[in-house]
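Colleague: I'm new to this structure, so please take a close look at what surrounds the ligand. After that, a few words on the rest of the chain would help me find my bearings.

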Amino acid sequence: MDAYDVLVIGGGPAGYVAAIRAAQLGFRVACVDAFERGGKASLGGTCLNVGCIPSKALLDSSERFEMIRHDAAEHGIQVEGARLDLAKMLGRKESVVDKLTGGIAYLFKKNKVTSFHGLGRLVRQDEGGWVVDAAGTEVVARHVIVATGSSPRELPLAPFGGHVVENSGALAFEAVPGQLGIIGAGVIGVELGSVWRRLGAQVTILEALPGFLMAADEAVSKEALKQFQKQGLEFHFGVQITAVTPDESGVTVTYTEKEQEVTARFDKLIVSIGRVPNTAGLGAEAVGLELDERGFVKVDSHYRTNLPGVYAIGDVIGGAMLAHKAEEEGVALAETLAGQAGHVNYDVIPWVIYTSPEIAWAGLTEQQARDKGHTVKTGQFPFSANGRALGHGDPRGFVKVVADADTDRILGVHMVGPNVSELMGEVVAIMEFGGSAEDLARTVHAHPTLSEVVKEAALAVDKRALHL
Ligand SMILES: Cc1cc2nc3c(=O)[nH]c(=O)nc-3n(C[C@H](O)[C@H](O)[C@H](O)COP(=O)(O)OP(=O)(O)OC[C@H]3O[C@@H](n4cnc5c(N)ncnc54)[C@H](O)[C@@H]3O)c2cc1C
């Protein structure tokens, strides 16, 4: 039986990063991953295959399409006859995915990580460690890392199939749906809704919660909702779905809204109401791996499960279901196994929604900071007063800095506006260093850049923004 120091089950951002880092640290490593795309093994998990990467590729393509059709004229560029070649757009998305998933296979080779394609299952504990069925081959490993990720949650009323789709189906419609329904106004719902609206669909989003993006700072979610509604996305909040009836040509959805029963007809229905952990096929029950009441693998602060030598990271342990959170856990765990001090700072995890305008934040919202007992001061600065944003022709939104009034330490930064995903880098770096609004305000930012809005928002904390 082949023996490894570390056997990783799952080749998504948590698993492949843990495998690479463990190999860099001198461990003998193998990874078993079951994902298939187009009938072939494809490393990278949800993120690379059917999540972060393909959704962003389509967001970029569809944004260009919209820009050419609606915004180019404002820049003095007349374009006639721009039309959609959906098959080509989807093909381009697939080639981006191919490149990146192939890249993980290359990195495994380079780092001498043995790769198995198929299911990984915990079998039993032996003297040499854990015996794992890795795609039909029994191997033994001193440490086993469970990084099996998550899958879309199904609505019991609306099982996936036919015209009712989850994210991978929604990334591959063969034609633009005339009427597109989306259940769930979360990150995935608004990103995919944006893609298909730009390509010509009439999009209706049905959300059970009473408001939009309730985890974001209120000022940001209000502004984002206003912008999305202006673009033509139709939102209904506080709705309760009572029936979903698919047929040959589409889906009929019945829901109650403000105590009224409403029936809507869609060509396609995307259900994006959250994700559930992948533990089936792992042998969890047989070996006694402890799960919590929602089915996530239970771990302590060092990612140790209740079974000695078995660890878990990424979406399968819950928390922020984000690729970068999963990756950092992979690094932290590999380093901990090597006797180093692996650590993830969960207080500074950036959140990004890649719509137009983009939404991004890290740290506490103003309300959360107050609830935690901070005396708070805030500074806000709009992109409409920034030269670069005006030059781009996209001056929507603002940056808001939330700081502690006594210490000036930055508690949170919240943004809605053009390319704000790329402005998060400096924000999380300064927050990691425990930086103050003054630190951010005194840092020289290149002119003209969008990043000057971050600086001005930090200046605004002490009411000394220069360009407002
Ligand atoms: C449409 C969409 C867009 C997203 N966009 C973003 C984004 O922009 N930014 C961001 O940070 N996050 C985004 N996410 C979330 C991100 O994809 C996940 O947080 C991330 O993939 C989690 O990584 P993971 O390694 O824990 O799990 P996964 O990526 O789910 O990988 C787990 C892997 O384990 C495999 N597996 C499961 N069980 C077994 C088994 N028993 N044996 C072998 N293999 C098994 C699975 O097939 C899969 O390959 C998005 C998700 C979706 C669906």
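**Around the ligand**

Modeller: Sort the shell around the ligand by class and you get 17 nonpolar, 16 polar and 4 charged residues. Nonpolar here means Ala, Val, Leu, Ile, Met, Phe, Trp, Tyr, Cys and Pro; Asp, Glu, Lys and Arg are charged, and the others, Gly among them, are polar. Keep in mind that this is a predicted model, where local features need pLDDT of at least 70 and side-chain atom pairs pLDDT 80 or more, while totals for chains, interfaces and linings use all residues. Residues are numbered from 1 along each chain as its sequence is written, and side-chain values use heavy atoms, without hydrogens or water.

In total, 37 residues surround the ligand (a heavy atom within 4 Å of it). The closest are Asp33, Thr46, Lys56, Gly120 and Ala323. As for where the shell comes from, α1 (13-24), β2 (29-33), α2 (45-50), α3 (52-71) and α9 (323-337) each give at least two residues. The biggest share belongs to α2, with 4 residues. Those labels are DSSP runs numbered from the N terminus: helices (H or I) of at least four residues, strands (E) of at least two.

Now for the polar contacts, meaning pairs of N or O atoms within 3.5 Å. Ala323 offers a backbone N or O atom 2.8 Å from a ligand oxygen. A polar backbone atom of Leu322 is 3.2 Å from an oxygen atom of the ligand, and for Cys47 the value is 3.3 Å, again from a polar backbone atom to a ligand oxygen. Alone, the ligand would expose 1000 Å², and the protein buries 94% of that (Shrake-Rupley, 1.4 Å probe).

Stepping back, the chain splits into domain 1 (3-152 + 276-344), domain 2 (176-272) and domain 3 (348-460), with bounds from an automatic or database domain assignment. The C-alpha centres of domain 2 and domain 3 are 29 Å apart. Their contact (heavy atoms within 4.5 Å) draws 16 residues from domain 2 and 18 residues from domain 3. About 1400 Å² is buried between domain 2 and domain 3, 69% of it from carbon and sulfur atoms; that is accessible area (1.4 Å probe) lost on putting the two together, summed over both. On the domain 2 side, Glu191, Asp217 and Val220 lose the most area to domain 3, together 34% of what that side buries.

A few backbone details are left. The Ser356 to Pro357 peptide bond is cis, with omega near 0 degrees, and Pro357 sits in the loop between β20 (351-353) and β21 (358-363). Leu213 isn't a glycine, yet its phi is positive, about 40 degrees; look for Leu213 in the loop between β12 (202-206) and α7 (218-231).

Conventions. A polar contact is a pair of N or O atoms within 3.5 Å; within protein, one must be able to donate a hydrogen and the other to accept it, and residues adjacent in sequence count only if both atoms are side-chain atoms.
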